[in-house]
Amino acid sequence: MTHRKIVLLAGKGVTTNILYNALNKDFNIHSIILEDGVGKKEFLRKRIRHLGYRKVTGQVLFQLSVVKLLHFFSSKRKKEILKEFSLDNAPLPEAKIIPVCSVNEQKCIKALQEINPTIVVVIGTRIISKRVLDCIGAKFVNIHAGITPRYRNVHGAYWAIVNNDTDNCGVTVHLVDEGIDTGSVLYQTKISVTSKDNFITYPFLQLAEGIIYLKKALHDIFEEKIVIKKGTADSKIWHHPTVFQYLYNRIVYQKK
């Protein structure tokens, strides 16, 4: 394959910065289509409609209390992980950024069609519509923080540890389809968790391991040597824990 052009389709955040810097060293990312993401009010309305007011209230309390504390106490460990895996969280280059309100808007489709990449690497966006996935002939690839399809959606490592399912505490590199982490598996691997790790640091470990296998997957696509692998037998969507769930797991079972 002579045409080798990669676009990063991403949401804003430190994980996007890390992924861009890691891939750009080896693949020279052409452009970054960066979405604003869903507004907080719209996000909460959708979540309440789907999960109910009581559960969402518990999730918000978790974010406002436990997550803030964990971020503070995990700063040293996050720096250790970045150093151990040589990860760079430097800001994205402004010259490569194409801002969009949503990955599903016409502006995004137009940008993809004009660039016409071979591969679109996805990180931190909302669910991508079929209209976008079909607008070009590129492969859309994602690093998912969990072993699929057993741990779809969010916090796959945390829920695997809560479930004493350490064999499925890991990360998946997969092709993107219209579902929630239902695309064909390219690579899966476990992560090594230490006593210093917690809800906040698991995703950094997953990203670090995922980048290694994402690079393998990109080479496979360029060389037309994709091998689809079998994921776990069962499938389930997981959500953010509520403050009550987290404390119950932490205190009663001494789990992270």
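**Group meeting: a walk through the predicted model**

Let me begin with asparagine 153, which is found in strand 6, and please keep in mind throughout that what we are looking at is a predicted model. Asparagine 153 has a relative accessible area of 26%, so it belongs to the partly exposed residues rather than the buried or the exposed ones. If we set aside its neighbours within four places in sequence, asparagine 153 is in contact with His144, Ile180, Asp181, Ile237, Trp238 and His239. One distance to go with that list is the one to glycine 179, which is 26 residues away in sequence and 10.0 Å away in space, taken from C-alpha to C-alpha.

Aspartate 181, one of those contacts of asparagine 153, deserves a word of its own. Aspartate 181 sits in the loop between strand 7 and strand 8, and with a relative accessible area of 14% it is buried, because the cut-off for that word is under 20%. Aspartate 181 also has a positive phi of about 55 degrees, although it is not a glycine. For background, most residues other than glycine have a negative phi, and most peptide bonds are trans.

Asparagine 164 is another non-glycine residue with a positive phi, again of about 55 degrees, and it is found in the loop between helix 7 and strand 7. Is asparagine 164 buried or exposed? At 62% relative accessibility, asparagine 164 counts as exposed. Aspartate 165 is placed in the loop between helix 7, residues 156-162, and strand 7, residues 170-175, yet aspartate 165 is buried, with a relative accessible area of 14%. Leaving aside residues within four places in sequence, the contacts of aspartate 165 are Arg150, Tyr151 and Ala160.

Staying with the backbone for a moment, which bond joins threonine 148 and proline 149? The two are joined by a cis peptide bond, with omega about 0 degrees, and proline 149 lies in the loop between strand 5, residues 139-144, and strand 6, residues 152-153.

Now to the aromatic residues. Tyr151, which I mentioned as a contact of aspartate 165, and Trp238, which I mentioned as a contact of asparagine 153, both belong to one aromatic cluster, whose other members are Phe62, Tyr158, Trp159, Phe199 and Tyr246. The count of aromatic pairs comes to 11. As an illustration, tyrosine 187 and tyrosine 213 have ring centres 5.7 Å apart and ring planes at 45 degrees, so this pair is classed as tilted. The pair links distant parts of the chain, since tyrosine 187 is in strand 8, residues 185-190, while tyrosine 213 is in helix 8, residues 202-222, with their positions 26 residues apart. Tyrosine 187 counts as buried at 16% relative accessibility, whereas tyrosine 213, at 22%, is partly exposed.

Two more residues, from opposite ends of the accessibility scale. Leucine 19, in helix 1, residues 14-27, has 1% relative accessibility and so counts as buried. Not counting residues up to four places away in sequence, leucine 19 touches Leu8, Val121, Ile123, Ile143, Ile211 and Leu214. Glutamine 106, by contrast, is 87 residues away from leucine 19 in sequence and 25 Å away in space, C-alpha to C-alpha. Lysine 230 lies in the loop between helix 8 and strand 9, residues 237-238, and it is exposed, with a relative accessible area of 78%. The C-alpha atom of lysine 230 is separated by 9.4 Å from that of glutamine 188, which is 42 residues away along the chain.

Let me finish with the chain as a whole. Its secondary structure comes to nine helices and nine strands. The radius of gyration is 18 Å, close to the 18 Å that the globule rule gives for 256 residues, so the chain is as compact as a globular protein of that length. Along its principal axes, the C-alpha trace spans about 55 × 35 × 35 Å. Of the 256 residues, 49% are buried, and among contacts between residues at least 6 apart in sequence, 74% join residues at least 24 apart. The chain exposes about 13200 Å², of which carbon and sulfur atoms supply 55%. Finally, on charge, there are 38 positive and 22 negative side chains, and the centres of these two sets lie 6 Å apart.

Methods: Residues are numbered from 1 along each chain as its sequence is written. This is a predicted model: local features need pLDDT of at least 70, side-chain atom pairs count only at pLDDT 80 or more; totals for chains, interfaces and linings use all residues. Side-chain values use heavy atoms; hydrogens and water are left out. Helices (H or I, at least four residues) and strands (E, at least two) are DSSP runs, numbered from the N terminus. The radius of gyration is taken over C-alpha atoms; the globule rule is 2.2 Å times the number of residues to the power 0.38. Buried means under 20% relative accessible area, exposed over 50%, partly exposed in between (1.4 Å probe, protein chains only). Contact means heavy atoms within 4.5 Å. Accessible areas come from the Shrake-Rupley method with a 1.4 Å probe; for residues, only the protein chains shown count as cover. Lys and Arg count as positive and Asp and Glu as negative; His and the chain ends are not counted. The place of a charge is taken as NZ of Lys, CZ of Arg, CG of Asp or CD of Glu. Rings of Phe, Tyr and Trp (its six-membered ring) pair if their centres lie within 6.5 Å; planes under 30 degrees apart count as stacked, over 60 as edge-to-face and the rest as tilted.
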